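Please work through the following exercises with the sequence and the model open beside you. Each task is followed by a solution that goes step by step.

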Amino acid sequence: MRGTTRARVRMARLRSLLMGLLALTTAAAATACATTDDKARIVVTTNILGDVTRQIVGDEAEVTVLMKPNADPHSFGLSAVQAAELEGADLVVFNGLGLEENVLRHVDAAREAGVATFEVGKAVDPISFHTSDDGGPADEAGQPDPHFWTDPDRVRKATGLIADQVVKHVDGVDETAIRANTTRYDEQLADLSAWMADSFDRVPDDRRALVTNHHVFGYLAERFGFRVIGAVIPSGTTLASPSSSDLRSLTRAMEQAGVRTVFADSSRPKRLAEVLRAEMGGDVRVIELYSESLTAKGEGADTYLRMMRANTTAMTDDGLAGG
C-alpha cells in the first residue's frame with residue numbers, strides 16, 4: 001500500500017510538471033505570434049520596387065516581395081498564399097500602368113477588401129508609348145509606359161512618395177527613421193543619376209540609338225538624350241510576338257540608322273534577338289541588360305543601384321561605343 005501511495009504521488013507531481021510546461025509553451029507561442037502579428041506588413045509586387053521599398057522601410061516593418069529574382073513582371077503569377085498576403089497587408093505597393101499583367105486583379109481584390117494600395121507608376125509623371133516611322137509600338141500609342149525605373153530621377157520621386165504612403169498607412173513605424181532612410185537613399189540615387197549622365201555623355205550623337213527586345217527604355221532615352229529606333233517585339237510587353245513584317249520594318253530602320261546592336265533583357269531568352277541577327281545577315285551584336293528584374297543575390301544586379309550601374313556600363317563600354 002505504501003508503494004502504491006508513493007507511485008500515485010509521483011504521477012501527480014509528473015502531471016503537474018507537464019501541465020506547467022504546457023502552459024509555458026503555450027504562452028511563449030502566443031507571445032511569438034503576437035510579436036509577428038504586431039509587426040506591420042508591406043507587400044510589394046515587383047522586385048525592383050521591393051528593393052526600393054526595403055531601403056525606405058529598413059527595420060520598421062516587414063516587406064514581402066511577390067516577384068522572384070530573374071522573373072518577368074509581365075507574366076509572373078501568384079500562389080494562393082501570396083494572394084492572401086496581399087489582402088492581409090497594411091500597405092500594397094505596386095508598379096501599375098498594366099505592368100504586372102497577371103497580378104493586378106489580386107491588387108484590385110486587396111483594395112476592395114480595404115487594404116491601402118499605392119500605384120507608383122501613375123504618380124511619377126508617366127510618359128506614353130508613341131508611334132513613329134522607326135518601329136514604335138503602334139498598338140499602344142498614347143498608352144502610359146510602365147517602365148519608369150529606367151529613369152533614376154523618377155525613382156527618386158517614387159522614393160519620396162512611397163515614404164509618404166508608409167507613414168500615412170502603416171501603423172507603428174517611426175516616421176523619423178523612415179525619413180532618414182529616404183534621405184540617405186535619395187542621395188545614392190542622385191549620385192547614380194549624375195554618374196549615368198557622365199557615362200552617357202561619352203557616347204557620340206550618331207550612336208545614341210537604341211534597339212531592344214521590347215519597348216522598355218523610353219524613360220532612359222528621354223532622360224539621357226537617346227533615340228529609340230525600335231524593338232524586336234514592337235510592344236511594351238514581353239507577352240506579344242513580332243510578325244515577319246514587324247521584323248522587316250525594324251531591320252530597315254536599323255540599317256537606315258546604322259545600328260547593329262540589340263539590347264536584350266537577361267531574364268528572357270534571346271531567341272528573338274537571334275532571329276533579328278539572322279534577318280540582318282549575322283552582323284548584329286546582342287548585349288544583355290537587366291531591364292525588368294533584379295537578379296538573385298550576388299549575380300550582378302541584386303539591387304536597383306547595381307542593376308542600373310551594370311546596364312550603363314554594358315551600354316557604354318560594350319554596346320553603344322562599338323555602334
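**Exercise 1. Which residues form one aromatic cluster?**

Before starting, note that this is a predicted model, in which local features need pLDDT of at least 70 and side-chain atom pairs count only at pLDDT 80 or more, while totals for chains, interfaces and linings use all residues. Residues are numbered from 1 along each chain as its sequence is written, and side-chain values use heavy atoms, with hydrogens and water left out.

Step 1. Apply the pairing rule: rings of Phe, Tyr and Trp (its six-membered ring) pair if their centres lie within 6.5 Å, and planes under 30 degrees apart count as stacked, over 60 as edge-to-face and the rest as tilted. The count by this rule is three aromatic pairs.

Step 2. Take Phe-200 and Phe-224, whose ring centres are 5.3 Å apart and whose planes stand at 55 degrees, so this pair is tilted. The pair joins distant parts of the chain, since Phe-200 belongs to helix 6 (residues 175-200) and Phe-224 to helix 7 (residues 218-224), 24 residues apart; helices (H or I, at least four residues) and strands (E, at least two) are DSSP runs, numbered from the N terminus.

Step 3. Turn to Phe-200 and Phe-226, an edge-to-face pair with 5.0 Å from centre to centre and 80 degrees between the planes. Phe-226 sits in the loop between helix 7 and strand 6 (227-233), 26 residues apart from Phe-200.

Step 4. Combine the results: Phe-200, Phe-224 and Phe-226 make up one aromatic cluster.

**Exercise 2. Is Phe-226 buried or exposed, and which residue lies over the face of Phe-226?**

Step 1. Use the burial classes, in which buried means under 20% relative accessible area, exposed over 50%, and partly exposed in between (1.4 Å probe, protein chains only). Phe-226 has 7% relative accessibility and therefore counts as buried, and Phe-200, at 0%, counts as buried too.

Step 2. Look for a charge over the ring, which requires NZ of Lys or CZ of Arg within 6 Å of the ring centre and within 35 degrees of the ring normal. Arg-208 lies over the face of Phe-226, at 4.9 Å from the ring centre, and Arg-309 lies over the face of Trp-195, at 4.7 Å from the ring centre.

**Exercise 3. Where is Asn-70 placed, and what is the phi of Asp-125?**

Step 1. Recall the background: most residues other than glycine have a negative phi.

Step 2. Asn-70, although not a glycine, has a positive phi of about 65 degrees, and its place is in the loop between strand 2 (62-65) and helix 3 (80-87). With a relative accessible area of 33%, Asn-70 is partly exposed.

Step 3. Asp-125 has a positive phi near 55 degrees and lies in the loop between strand 4 (116-119) and helix 5. At 48% relative accessibility, Asp-125 counts as partly exposed.

**Exercise 4. How many helices and strands are there in the chain, and what share of its residues count as buried?**

Step 1. Count the elements: the chain has 10 helices and eight strands.

Step 2. Turn to burial over the whole chain, where 46% of the 323 residues count as buried.
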